Amino acid sequence: MIRIGIILGSTRPNRNGPQVAQWVLATASQRGDAEFELIDLRDHPLPHLDEPAPPMFGPSIHEHTRAWAERIAPFDGFVIVTPEYNGGAPGVLKNAIDHLCAEWSDKAVGFVSYGAGGGARAVVQLRTVCGTLGMADVGYQVAISLLTDFENYTTFTPRDHHVTGLNKTLDQLVAWSAALAPLRTGTDTTHIDSEGDRYVGATIAEQL
């Protein structure tokens with residue numbers, strides 16, 4: 001069965017993320033087309049990227065990165081639950097993504113964001129990052145307002161239409177994760193850049 005990891009992308013104290021992530025997990029677990037599991041970045045502390053070589057040239061020399069890779073590798077797709085900080089995604093989430101390469105490739109990803117503006121700008125950034133890593137980002141997303149979906153900005157009370165939106169996101173995510181399965185049977189990470197040159201990995205810049 002398709003396995004989907006729900007990544008909680010905030011680690012700060014008094015975060016609202018666990019309420020949102022648990023809502024995603026509870027809603028998703030009512031489905032019968034995939035298995036869903038919560039991945040909390042607090043359980044996987046990572047230093048600022050400290051690899052002597054880009055992740056595309058793995059395996060890593062560091063135990064913390066190898067443990068993170070082993071946690072992510074078995075999943076077929078992901079839901080990223082992210083707040084928006086100052087117009088972007090949390091640094092801890094970007095750092096966790098940057099620690100790996102092959103473990104993300106040819107997998108689908110959907111987004112549930114929250115913030116004063118629904119977290120939309122964080123998702124714009126994450127779509128670019130995930131696309132560069134060879135992930136397929138699904139079109140539907142859930143944008144949760146800190147102003148209207150939280151009582152006193154702390155207690156999550158999602159409006160009914162968010163359940164419909166989440167299920168549409170999950171419909172696409174599960175379908176795309178299954179469709180991409182044949183691509184995940186190999187380990188070839190060869191890509192073609194904008195000038196038609198072939199290279200191994202996600203970006204030319206990461207090889208420098």
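The paragraphs below lead through a predicted model, beginning with its sheet and ending with individual residues.

The central element to look for is an open sheet of five strands, whose order is β2-β1-β3-β4-β5 and whose pairing is parallel. Its edges are formed by β2, residues 35-40, and β5, residues 136-145, each of which pairs on one side only. On average, and with direction ignored, neighbouring strands of this sheet are turned by 20° against each other.

A convenient place to enter the sheet is β1, which spans residues 3-8. Five of the six residues of β1 are buried, and the strand is therefore largely enclosed by the rest of the structure. The chain leaves β1, passes through helix α1 (residues 17-28) and arrives at β2, and this β-α-β crossover is right-handed. The two strands joined in this way, β1 and β2, pair in the parallel sense over six bridges, and within that pairing Ile-4 has Phe-36 in β2 as its bridge partner. With β3, strand β1 pairs in the parallel sense as well, over five bridges, and here the bridge partner of Leu-8 is Val-81 in β3.

Towards the other edge of the sheet, strand β4, made up of residues 108-115, pairs with β5 in the parallel sense over seven bridges. One pair of bridge partners that can be located there is Ala-108 and Ala-136, the latter belonging to β5. Helix α5, residues 160-179, lies across β1, β2, β3, β4 and β5, and the helix runs at about 160° to β5.

Returning to the edge strand β2, the residue Leu-38 is found in this strand and shows how an edge position is surrounded. Is Leu-38 buried, partly exposed or exposed? Its relative accessible area is 23%, and because the buried class requires a value under 20%, Leu-38 counts as partly exposed. Although Leu-38 and Gly-5 are 33 residues apart in sequence, their C-alpha atoms are 5.9 Å apart in space. When neighbours within four places in sequence are left aside, Leu-38 is in contact with Ile-6, Leu-8, Ala-21, Gln-22, Leu-25 and Arg-71. Among these contacts, Leu-8 is also the residue whose bridge partner in β3 is Val-81.

Outside the strands, Ser-60 deserves a separate look, since this residue lies in the loop between β2 and α2, the helix of residues 63-72. Despite the loop position, Ser-60 counts as buried because its relative accessibility is 18%, a value below the 20% limit of that class. The side chain of Ser-60 makes a polar contact with the side chain of Glu-51 at 2.7 Å. A polar atom of the Ser-60 side chain also lies 2.8 Å from the backbone nitrogen of His-62. If residues up to four places away in sequence are not counted, Ser-60 touches Glu-51, Thr-65 and Arg-66.

The cysteines remain to be considered. A disulfide is a covalent bond between the sulfur atoms of two cysteines. How many disulfides does a search of the whole structure find? The search finds zero. Two cysteines may nevertheless be examined for their surroundings: Cys-101 counts as buried, with a relative accessibility of 8%, and Cys-130 is buried too, with a relative accessible area of 1%.

Conventions: Residues are numbered from 1 along each chain as its sequence is written. This is a predicted model: local features need pLDDT of at least 70, side-chain atom pairs count only at pLDDT 80 or more; totals for chains, interfaces and linings use all residues. Side-chain values use heavy atoms; hydrogens and water are left out. A disulfide is a pair of cysteine sulfur atoms within 2.5 Å. Buried means under 20% relative accessible area, exposed over 50%, partly exposed in between (1.4 Å probe, protein chains only). Two strands pair if DSSP finds at least two bridges between them. Helices (H or I, at least four residues) and strands (E, at least two) are DSSP runs, numbered from the N terminus. Axes are lines fitted to C-alpha atoms, for helices over the stretch in contact, and angles run from 0 to 180 degrees between N-to-C directions. Contact means heavy atoms within 4.5 Å. A crossover is right-handed if, with the strands pointing away from the viewer, the path from the first strand over the helix to the second runs clockwise. A polar contact is a pair of N or O atoms within 3.5 Å; within protein, one must be able to donate a hydrogen and the other to accept it, and residues adjacent in sequence count only if both atoms are side-chain atoms.
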